[in-house]
Structures are given as C-alpha cells and as structure tokens.
Amino acid sequence: MFIRGQSCISPPKRIAIIYSAGFRGTAGRARNRGTTVFSYMNGSAATESLRAFESFWYDDTQPMKVFFWGDLDWSGLGILASLRKIFSSATAWEPGYSIMLDFVANGVCHSRELAGKEKQNDPGMTGCEYADEVLRPIILRGFWWLPLDSFLKNLIVAFLSRLLVTSTSNSLPS
C-alpha cells in the first residue's frame, strides 16, 4: 500500500506500506535497483516474504495487489494515475477513502481556496474505477478537499471524543 506522506501506521503481517512524498514514488526509476531503499520495520517479515516483495518491486514477477491512499484532491488522483503507469494494478484504497468521504459528507473538509490548492488541476481519468466513478465526481461537484494528514488528525480527535463520551457514560451512576 502506498501512503502519501509518513504517518504512524504500523503494517499488519503480509502488508507492505510504502511511504512516498508526493509524486516521488511514481517515478519510473523507483523500480530500478539502486534507486530505492527499503527499511523493514521490527524485523517481522520472513526472508522469503522479503525476497517475494523485492522480486515484485524490481522484477514484477510476483503478483501483488497495490493500493494508494493519499489526499482527496486533484494531486492525490494525479499521483494515483502516475502510480498506475508503473504499477498497473494500483487502485485507490477504498476503506481509507470511504472513511474520508464520511468526513466530507459531515463537512469536515475545506474548499480548495482555503487549502491553498487553487492551482491544482483535474488530472482526468486515473484508470481506477473507484477513483474515477466515486472520488473524482465528489471533487468535481463541490471542490472539497481533504489532505490525508488533516484527515488523520480529525480521525484521532473523533476517536478520542467517542472514547471520552463512552467512558463518561459508562461511569455515570444509574
């Protein structure tokens, strides 16, 4: 899974999380040996899994699903479109984006002017059905923008608020 920017997500077993800054992870040279450095967290992956991943990355010989999760804006869709040029199976990560869309539906987002993203342009179709049929129309319709880092902060606040309400209601006398 490609995630735009670095966050505090720790991958479950059999999942590789690749942090990339903007369009850097979409450069064609990213799949060339000597241009990419991998860091493996916690030493949890077996040597065979590491070889399979690197074989997929460099040689494209191992079939693997590729997901992208980034900002809900034109640049995010542009990164996905570029990523699909070197990882043809790449798709927008629906579980992450669907939660972001819930936030947008509840007004936890902002206009592109407030986000300072008025110079971003529609990249057109990405080739990913979910991005083209669900995400792109949302942006086209209202120009609502939700950067991933802002979303994660709001998600943590919402989670902590829910936790606080739950713990307070559980401790009230009957």
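**Close-up 1. R136, a buried arginine in a predicted model.** With a relative accessible area of 17%, R136 counts as buried, because the cut-off for that label is under 20%. The structure shown here and in the views below is a predicted model. R136 belongs to helix α4, which covers residues 129–142. Look for its side chain meeting that of D122, where a polar contact of 2.6 Å joins the two. Leaving aside residues up to four places away in sequence, R136 touches W74, L77, D122, G124, M125 and A131.

**Close-up 2. The aromatic pair of W57 and F87.** Here we zoom in on one of the 5 aromatic pairs that a search of the whole structure finds. W57 and F87 make a tilted pair, with 5.0 Å from centre to centre and 55 degrees between the planes. This pair links distant parts of the chain, as its members are 30 residues apart. W57 comes from helix α1 (residues 47–59), while F87 sits in the loop between α2 (74–86) and β4 (91–92). Both W57 and F87 are buried.

**Close-up 3. The aromatic cluster and its arginine neighbour.** Stepping back a little from the pair, you will find W57 and F87 again, joined by F53 and F56 in one aromatic cluster. Keep an eye on F56 here: R31 lies over the face of its ring, at 5.1 Å from the ring centre.

**Close-up 4. Helix α3 and its buried face.** Helix α3 runs through residues 94–105, 12 residues in total. From its first C-alpha to its last, α3 reaches 16 Å, close to the 16 Å expected at 1.5 Å a residue. The buried residues of α3 are worth picking out one by one: G96, Y97, M100, L101, F103 and V104. Seen down the axis of α3, these buried residues fall within an arc of 155 degrees, so they line one face of the helix. Following α3 along the chain, you come to G107, which has a positive phi, near 80 degrees.

**Close-up 5. V66, a buried loop residue.** Our last view turns to V66, placed in the loop between α1 and β3 (67–69). The relative accessible area of V66 is 5%, so this valine is buried, given the cut-off of under 20%. To find your way across the view, use S88 as a partner: V66 and S88 are 22 residues apart in sequence, and their C-alpha atoms are 8.6 Å apart in space.

Technical notes:
Residues numbered from 1 in each chain as written. Predicted model: local features only at pLDDT ≥ 70, side-chain atom pairs only at ≥ 80, totals over all residues. Heavy atoms only, no water. Helix = DSSP H or I, 4+ residues; strand = E, 2+ residues; numbered from the N terminus. Buried < 20%, exposed > 50% of the residue type's maximum accessible area, 1.4 Å probe, protein only. Polar contact = N/O pair within 3.5 Å; in protein donor to acceptor, adjacent residues only side chain to side chain. Contact = heavy atoms within 4.5 Å. Phe/Tyr/Trp six-rings, centres within 6.5 Å; stacked < 30°, edge-to-face > 60°. Lys NZ or Arg CZ within 6 Å of the ring centre and 35° of its normal. Expected span 1.5 Å × (residues − 1). Arc of directions from axis to C-beta.
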